[in-house]
Amino acid sequence: MKRYKTGISQPILPSEITPESVYRDRRRFMQAALSVAAIPMVGFPSLAGAAEYDIPADLPRYKGPLWLQQKLADAVRNNDFSTSEALAPYYDAITHNNFYEFGTDKRDPVRNAQGFVTDPWKVEISGEVAKPGSYNLEDILAPHALEDRVYRLRCVEAWSMVIPWLGFPLADLIKRFEPTSKAKYVQFTTLMDKDQMPGQRGFFGTIKWPYVEGLRMDEAMNPLTLMAVGLYGNALPPQNGAPLRLVVPWKYGFKSIKSIVRIHFSDTIPATSWNDIAPDEYGFYANVNPQVDHPRWSQATERRLPSSLLTPNIIDTLPFNGYADQVAHLYRGMDLTKWF
Ligand SMILES: Nc1nc2c(c(=O)[nH]1)N[C@H]1C(S)=C(S)[C@@H](COP(=O)(O)O)O[C@H]1N2
Ligand SMILES: [Mo]
């Protein structure tokens, strides 16, 4: 069988993507863009759909299989669901990651995940649904048009970034498999593969692999909840959770589980990895809340990337990460200091 790697255009070593080369190249990129602008655009196909991003030429773009490239190119920006805040530099989004399967350091995923095989990829749909089964990713995605949505991502470690995702509402996926009346929760599972994921071989012993996450059904059905297959106009890099990951922008980043192979519906609350490890520090809900501190640090503010020692860029954290209008009603009457 033909196996594709994630499809980066050329192999890169993290040592090659220095901030200096990013800035140097951005100047080159701008010059190139200016000269291209001089060419009359007559006869070009409409680019109305796909948003264009300033990706420095020496940073990899991630492609994925052909069928996915075509879907990504047709993605349309959804402004109703997008923030107009400044995007994180592409460099930060693809090199500052949490993906413990590939190591615990922020730079480990970009170093260790480049050979990760994400095609072919299967997703199992199981539990309380009328149409359970094992589906190829292409079939999972087939009926869904992709949207480009710019979301804030707020990590529980008190840093954040603004990322343009390409994806579609999880609700639209769930409806297709016809959950039964007993489906009260949905659980997601990341790939288990010790050969490909060095973190699962045991140097970080706390997580009981595979990584699992979960949502209450009404949270899963909320229009903000996204299944993502791309970022910055391209396929997801492996370090960001290729080929399929969850994005729940009003919750701490650990809920946004990567490289999903199973979606399971149940009538009881599912296990979730960080809650398993430290239930007093990480709740099942994990809604971003500046008023409920982590036991070991404040959640009142966050370090918005890009951030440096000289320009730390500390900003106030907003309730529900700024998405209260869309989701606060889901928690009406709940004591959020208890259900953190
Ligand atoms: N499978 C898996 N998913 C994961 C994680 C992980 O370690 N394993 N880390 C989470 C955390 S803590 C965060 S903040 C986000 C980071 O997403 P990003 O690297 O794309 O910014 O992924 C989340 N999803
Ligand atoms: Mo996180």
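How much space lies in the largest cavity? About 70 Å³, and the views below start there. This is a predicted model, in which local features need pLDDT of at least 70, side-chain atom pairs count only at pLDDT 80 or more, and totals for chains, interfaces and linings use all residues. Residues are numbered from 1 along each chain as its sequence is written, chains are lettered from A and ligands numbered from 1 in the order in which they are written, and side-chain values use heavy atoms, with hydrogens and water left out.

**View 1. The largest cavity and its lining.** The structure holds 1 cavity of 30 Å³ or more. On a 1 Å grid over the protein atoms alone, a cavity is a set of points where a 1.4 Å probe fits but cannot get out, and lining residues have an atom within 4 Å of a point. Twelve residues line this one, and Gly64, Pro65, Leu68, Thr118 and Pro243 lie nearest its centre. By class, the lining has 8 nonpolar, 3 polar and 1 charged.

**View 2. The second largest pocket, which holds ligand 1.** A pocket is an open set of grid points with protein on both sides within 12 Å along at least five of seven lines; a molecule sits in a pocket if more than half of its atoms lie within 2 Å of its grid points. This pocket has about 450 Å³ of space. Its lining is made of 27 residues, with Asn98, Phe99, Tyr211, Gly253 and Phe254 closest to the centre. Strand β5 (residues 159-169; strands are DSSP E runs of at least two residues) gives the most to the lining, with 4 residues. The lining divides into 16 nonpolar, 7 polar and 4 charged residues.

**View 3. Ligand 1 and its neighbours.** Around ligand 1 there are 16 residues with a heavy atom within 4 Å; the closest are Asn97, Tyr100, Glu101, Thr190 and Lys258. This shell has 7 nonpolar, 6 polar and 3 charged residues. Look for three polar contacts (pairs of N or O atoms within 3.5 Å). Oxygen atoms of ligand 1 lie 2.8 Å from an N or O atom in the side chain of asparagine 97 and 2.9 Å from one in the side chain of arginine 245. A nitrogen atom of ligand 1 is 2.8 Å from an N or O atom in the side chain of glutamate 101. The protein covers 98% of the 540 Å² of accessible area that ligand 1 has on its own (Shrake-Rupley method, 1.4 Å probe).

**View 4. Backbone details in three loops.** Most residues other than glycine have a negative phi, and most peptide bonds are trans. The bond from aspartate 119 to proline 120 is cis, with omega near 5 degrees; proline 120 lies in the loop between α4 (108-112; helices are DSSP H or I runs of at least four residues) and β2 (122-127). The bond from leucine 305 to proline 306 is also cis, with omega near 5 degrees, and proline 306 is in the loop between β12 (301-304) and β13 (314-316). Tyrosine 232, in the loop between β8 (226-231) and β9 (234-235), has a positive phi near 45 degrees.

Definitions and conventions
A polar contact is a pair of N or O atoms within 3.5 Å; within protein, one must be able to donate a hydrogen and the other to accept it, and residues adjacent in sequence count only if both atoms are side-chain atoms. Ala, Val, Leu, Ile, Met, Phe, Trp, Tyr, Cys and Pro count as nonpolar, Asp, Glu, Lys and Arg as charged, and the others, Gly among them, as polar. Grid points are joined across faces, edges and corners, and a volume is the space filled by probe spheres set on the points.
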